[in-house]
Structures are given as structure tokens and as C-alpha cells.
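Please open the model in your viewer and keep the selection panel handy. We will go from stop to stop, with a short note on what to select and what is there.

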Amino acid sequence: MALTTQAAGPVGLPAGSAPQPTRRRRLGLPPMTAKLATGLIISGAIVLFGLLGPFVVQDPARVDDIGLTGPSGAHLMGTTQTGQDVLAQLAYATRGSLTIGAIVGVLTLLLSGFFGVVGAYAGGWVDEFFSLCTNIMLVIPGLPLVIVISSYVPDKSLWLVALVLSLTGWAGSARVLRGYTLSLRNRDYVLASRVAGEKRWRILAVEILPNLIPLLASQVVFAVIFAILGEAGLAYLGLGASGSISWGTMLYYAQNGLALRLGAWWWFVPPGLLLALFGAALSLINFSIDEIINPKLRNQTRSARRGWVMSRKQLETAKEATL
Amino acid sequence: MTTLTAEHLVKNYHLRRGLRGGTLRAVDDVSFTLEPGRTVALVGQSGSGKSTIAKLLLQLERPTAGRILVDGKPVQRRGGGLRRYRRTVQMVFQDPFASLNPYHTVEHHLERPIRLHHPKLASDEVHRRVLHLLERVRLTPAENVAARRPHQLSGGQRQRVAIARALAPGPGVLIADEPVSMLDVSIRLGVLNLLATLQREEDLGLLYITHDLATARHFADEILVMYRGRIVERGDADEVILRPQHEYTKTLAAAAPNPERRLSELRGG
Ligand SMILES: Nc1ncnc2c1ncn2[C@@H]1O[C@H](COP(=O)(O)OP(=O)(O)OP(=O)(O)O)[C@@H](O)[C@H]1O
Ligand SMILES: [Mg+2]
């Protein structure tokens, strides 16, 4: 049983191949793909419209006796049955829907992060208790509860609707986060930082949370989609926030005003289209984030596959070499 | 200069099987001493409790019974005592792909233990020490390596980073849990030799946990053979390998790859 001892010589790295991790990679951002770019541009445009639109349009509540009219110079997107400007309503509705989405996104992040991540990291009875809460919220059917609460409270603010939507929506995210945190907290690098003497909260904040960011981001984006669609559904049923306007309330009034039967497409198409576009754009962003979490979803693009094809000249030389 | 002593360590795990609970004795009455400048190898089959001993020594788990002594004094489990203990006893993990955080750079991994244990150092002094550590584990150019993230390094390079991290607080005892089993065969010896060199330079007490009797004999002064949580045989490295007493050690030694015996068998047959 003889072993020769090699000298422990230096392990040189190839010089010049200095890896300059790009800023995007270092910040953990997803690579810019066509999917991501499309999603960002569409949702960015809609957000800008919701932020700035209300400052430039007419008063959405001003009633005019011209009634239902098509798009014209005075009213770019026409008017509703009561002569209100559709463009102005659309701008305020966008702001309303986005506000709901933002509130629910933040609340879901806080609730699911607290119950999912902190519970799983703390372990023991804290984890038991937190997952009990999560499971209870998970089995309560969301939409019926929302309808019940909404119909009980007569005077609903935007905030109340957002609160109800986030209370019924966070549990799913919390479960996903809990599972992933449980797997992260037993990774060797977490043990290694305990051995190094890091404090517990610092391990959570510096070693674990950064690896959760993609998952958190995708959960939040999902929550925003859920909230905006959910609110639109509630508003369409007439259970939306009173005193504020969203894409859902616009559709509700258009439906009540028989817009479809009267062929007033300018009244119901814009809010419906924005709703669909925004949902699709957020989904595109979510797919791109998912691809970081799960590299298996990353498929080759067509241009990458084209790179495998040999040129005619290469083929000929290959043929010559084999003959 | 640190002497670490394990006295009659026992660790039970509670298993949940349906409604009934069972206990599994992962470590059963284990005692040994790690002295400066000496390497002790802990060999045994999978599941025999080797990693559990490492976890007990690193205070990642609490022993069910028995105690751990540093220079004759029982270890402290919290506060300043624990911080001093963390500075003295360090660990190299088995899997270099799991023991480095994919989100952080090499610099972060080495800087944190330095800052934790030497809080008064200025930033450029910390950076200098990081580069020095990288040079000591023969990762050059150090500036270049420090800026990398783990996925930009090979397995062997990662394990060298892990070794540098373990050395960062300036420990007296190093525990290496199968430090090369995840690495390619061709680079194992290089990493082991590096460990041995650093051990000699720093006069470290080294606990080398492994499956591999050949490297255990080559690198260790003393071998402990573990079987089902107990130490069934212990002694001078050559003694244990050449004249195994316990049944389990005999099968282990016979199963170890031995080119000379294999050749003679072929000639004879
Ligand atoms: N957290 C735990 N809970 C319950 N049982 C455990 C736990 N950790 C380890 N065990 C059990 O303790 C026993 C010893 O495990 P240990 O990891 O120490 O083995 P090992 O000798 O390191 O094996 P290997 O060579 O495969 O690394 C095993 O039977 C294992 O299933
Ligand atoms: Mg092990």
C-alpha cells in the first residue's frame, strides 16, 4: 500500500480569463430575454399610464347630456351612456386597479414571508404554529369568503378590498416559501456560517434571503395578477370598492349600460384589453423569473440551436477527414 | 495550541414512525483526544455516526450524554465562550458544491469569519488577509479568485476556498469531514497534501473523517474505527491497518484496494 506524495503545488488559474460577473448577474437579475423585455415594456407602459394619465385627462365624473357617443376629437375614446369621458375613466380605473395590485403585492410579501420564511427558519413549535395558521387559511375557500365579507360591509374602501384579497391569497405563497426555506436552512453553507459564528438573524438576512429573492419575486408577481383579476371579478359582480373606480367597475357599468348590445365597443374593450394585457405582461415576467429558479425550464432559443448546424464548408472537410 | 477532548459522547436521535417514537443511538460512548500537530483519522462505513461526531464537536448538535473539553475545561455553549470556541474549532465540509453560498463571492466567504473574530480590523487589512489566505491554499492570482462566485470555480478550487475559510479565524483544531470524497480522484491527493502542509505549518489538531483506509494510513498518526456508533478499534495507524483485531476492521482492510496483493493473487491464480 504505497502512496506517492505529490508536492502541493500551486493551482494556477488561467490568467486573463478574469471573470467579470456582469452587473445583472451579480444583482441576481434574470437575463434579459425577449419574453422579459416584452413583459416589462407592456407593464411599464400601463403603470406609467396609471401614474400620469389622471393628471392630463378630463374629469371622469363630469356628466354630459351628449349621451353615448363614439370616439371623436372632444372625447378621444368616446363617452359612456351618461356622457362621461371613457379615456378619463380608463386612466383613473388603471390607477385604481394598480393600487389594489400594489397593496396586495406588498401585504402578500409580508404575510407569506413572515409565516413561511420566518416560521421555517425558526423551526420547532413556532414552525408548527405558523404552518397551522397557513393551512387553515389555505383550506378556507378564497373567493366565497371574499364575496361574503364584501357583501357584509356596505361601505368598502379600496384598502378593505385589498386587505380581504391579500388575507385570502397569502397562504399558498407561504407554503411554497416554507418548503424552500426548509431546504435552504439545512444547506451546508448555512451550517458553515453557524460554525463561523454568525448570528442567527444575520444568517437569515444575508445567507438565506438572497437565495429566496427569485422565489419571492415570482410569488409577489403572482399575487398582483391574482389581486387585479380578483378585484375585477368582484367589481363586475357589483361587490367592488365604493367610491373608487377600477377596470372591473368600468366593465360592470358598461355591462349595466348595455354597451355590448348597443355596440359601444369603445366603452368595454379598453378596460378589458388593459386587464388582459397587464395580466399577460406580468405572467411573462413571472416565466422569466421561474427560469432562474428552475433552469430546466430554460429552453434553447432558435438562434442558439442554429449555432449547432455545420456550415457546408465544415461538412466537406469533415467528409474528407473520414474518407 | 488547543487540545480538544471528547469524553463518553452519546447522541440519540428521536425518530418519528407514525404514532410510536423510536430512538436511534447514532453515537455511543465515544472518547478521544485531538492534540496539536497530530492527525486522527475516523473511519467507518456510511451511517456509522462519523458526521454526527463532527456535528457534536462543532456544537451544531448537543450531546445526549458525555462532554467536550477544551484544554481540560468543559466547553461553553453560549455567549463569549461560544465565540471563543468558534474561533478555536473549525470545519471543512464534505461537499464543496453545497458548503459555499452560490449568491456570495469568495471574498465574502473569507471576509466574514475574519471580521467576526477580529472586529477591530480595518477594511483594507481584512482584504489583505483574504488575499493572503487564498495564497496559502494556493489559489492564485488571489485578487482574481476573490472576486469570483462559487459557480465559477472547479470542485477542487471550491474545496480550497472552504479550507481557507476554515483557517480564517486562526483555529487550533480542524475537523475535515470527508474533505475529498466529492472531488475527482485526480485532484484528491493535491487537496489532502495541502491540508497536511497547512496542518504542519499551523500545528493544528486534525480530525480526518473518511471512508478511505489508504489515505487514513498515509496521513493520520492514529486511526479510530467506528462501527454502528461505537469505536471498535483504535491505535497507531500502521498497527490498525496491518494487524486489525476487530472483525469489522479486518473486512474493511481486506476490501481496501491493494495493488500488490491483487498482483500476487493474479500471479498465483
Ligand atoms: N438529524 C438526524 N435525525 C435523525 N437521525 C439522524 C440525524 N442525523 C443523522 N442521523 C442518523 O444517525 C446515523 C449516523 O449518521 P451520520 O451522518 O453520522 O453517518 P456517517 O458516518 O457520517 O455516514 P456517511 O459516511 O454516509 O457520511 C445515521 O443512521 C443517520 O440516519
Ligand atoms: Mg457523513
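Start by selecting A:Thr168, which sits in helix α6 of chain A, the helix that runs over residues 158-185. Keep in mind as you look that this is a predicted model. Is A:Thr168 buried or exposed? With a relative accessible area of 14%, A:Thr168 counts as buried, because the cut-off for that class is under 20%. Now show its side chain and look for the backbone oxygen of A:Leu165: the side chain of A:Thr168 reaches that oxygen at 3.1 Å.

Next, go to the loop that joins α5 (142-152) and α6 of chain A, and pick A:Pro154 there. A:Pro154 has a relative accessibility of 73% and so counts as exposed. If you like, add A:Ala254 to the selection and draw a distance between the two C-alpha atoms. A:Pro154 and A:Ala254 are 100 residues apart along the chain, and their C-alpha atoms are 22 Å apart.

Now color chain A by secondary structure. You should find 13 helices and one strand in chain A. Following the sequence, the strand comes at the start of the pattern and the helices follow it: β-α-α-α-α-α-α-α-α-α-α-α-α-α. Chain A has 323 residues, and buried ones make up 40% of them.

**The ligand on chain B**

Select ligand 1 and show its surroundings. How many residues surround ligand 1? There are 14, and the closest are B:Ser46, B:Gly47, B:Lys50, B:Ser51 and B:Thr52. Three side chains are worth showing as sticks here. The side chain of B:Lys50 has an N or O atom 2.8 Å from an oxygen atom of ligand 1. For B:Glu178, an N or O atom of the side chain is 3.1 Å from an oxygen atom of the ligand. B:His211 brings a polar side-chain atom to 3.0 Å from a ligand oxygen. On its own, ligand 1 has 640 Å² of accessible area, and the protein covers 65% of that.

To see which elements build this shell, highlight β1 (4-17), β2 (20-34) and α1 (50-57) of chain B, each of which supplies at least two residues. The largest share, three residues, comes from α1(B). By class, the shell around ligand 1 has four nonpolar, eight polar and two charged residues.

**Pockets and cavities**

Rolling a probe the size of a water molecule over the atoms shows where empty space is left. For the largest pocket, center on A:Arg194, A:Arg200, B:Gln59, B:Leu60 and B:Arg86, the residues nearest its centre among the 33 that line it. This pocket has a volume of about 1100 Å³. From chain A, α3 (86-122), α7 and α8 (200-236) each supply at least two lining residues, and so do α1, α2 (79-88) and α3 of chain B. Which element gives the most to this lining? That is α7(A), with five residues. The lining divides into 12 nonpolar, seven polar and 14 charged residues.

Then turn to the cavities, of which the whole structure has four of 30 Å³ or more. The largest cavity has a volume of about 90 Å³. To find it, select residues from its lining, including A:Tyr189, A:Ser193, A:Glu207, B:His108, B:Arg112 and B:Arg165. Two elements give two or more residues to this lining: α7 (188-196) of chain A and α3 (106-117) of chain B. Four nonpolar, three polar and four charged residues make up the lining of the largest cavity.

**Backbone stops on chain B**

Finish with three places where the backbone deserves a look. Select B:Thr140 and B:Pro141, which are joined by a cis peptide bond with an omega of about -5°. B:Pro141 lies in the loop between β7 (139-140) and α5 (142-146) of chain B.

Now move to B:Arg138, in the loop between α4 (123-136) and β7 of chain B. B:Arg138 is not a glycine, yet its phi is positive, about 65°.

The last stop is B:Arg228, in the loop between β10 (222-227) and β11 (230-236) of chain B. B:Arg228 has a positive phi of about 50° although it is not a glycine. Is B:Arg228 buried or exposed? At 62% relative accessibility, B:Arg228 counts as exposed, because the cut-off for that class is over 50%.

Notes:
Residues are numbered from 1 along each chain as its sequence is written. Chains are lettered from A and ligands numbered from 1 in the order in which they are written. This is a predicted model: local features need pLDDT of at least 70, side-chain atom pairs count only at pLDDT 80 or more; totals for chains, interfaces and linings use all residues. Side-chain values use heavy atoms; hydrogens and water are left out. A residue is near a molecule or strand if one of its heavy atoms lies within 4 Å of it. A polar contact is a pair of N or O atoms within 3.5 Å; within protein, one must be able to donate a hydrogen and the other to accept it, and residues adjacent in sequence count only if both atoms are side-chain atoms. Accessible areas come from the Shrake-Rupley method with a 1.4 Å probe; for residues, only the protein chains shown count as cover. Helices (H or I, at least four residues) and strands (E, at least two) are DSSP runs, numbered from the N terminus. Ala, Val, Leu, Ile, Met, Phe, Trp, Tyr, Cys and Pro count as nonpolar, Asp, Glu, Lys and Arg as charged, and the others, Gly among them, as polar. On a 1 Å grid over the protein atoms alone, a cavity is a set of points where a 1.4 Å probe fits but cannot get out, and a pocket is an open set with protein on both sides within 12 Å along at least five of seven lines; lining residues have an atom within 4 Å of a point. Grid points are joined across faces, edges and corners, and a volume is the space filled by probe spheres set on the points. Buried means under 20% relative accessible area, exposed over 50%, partly exposed in between (1.4 Å probe, protein chains only).
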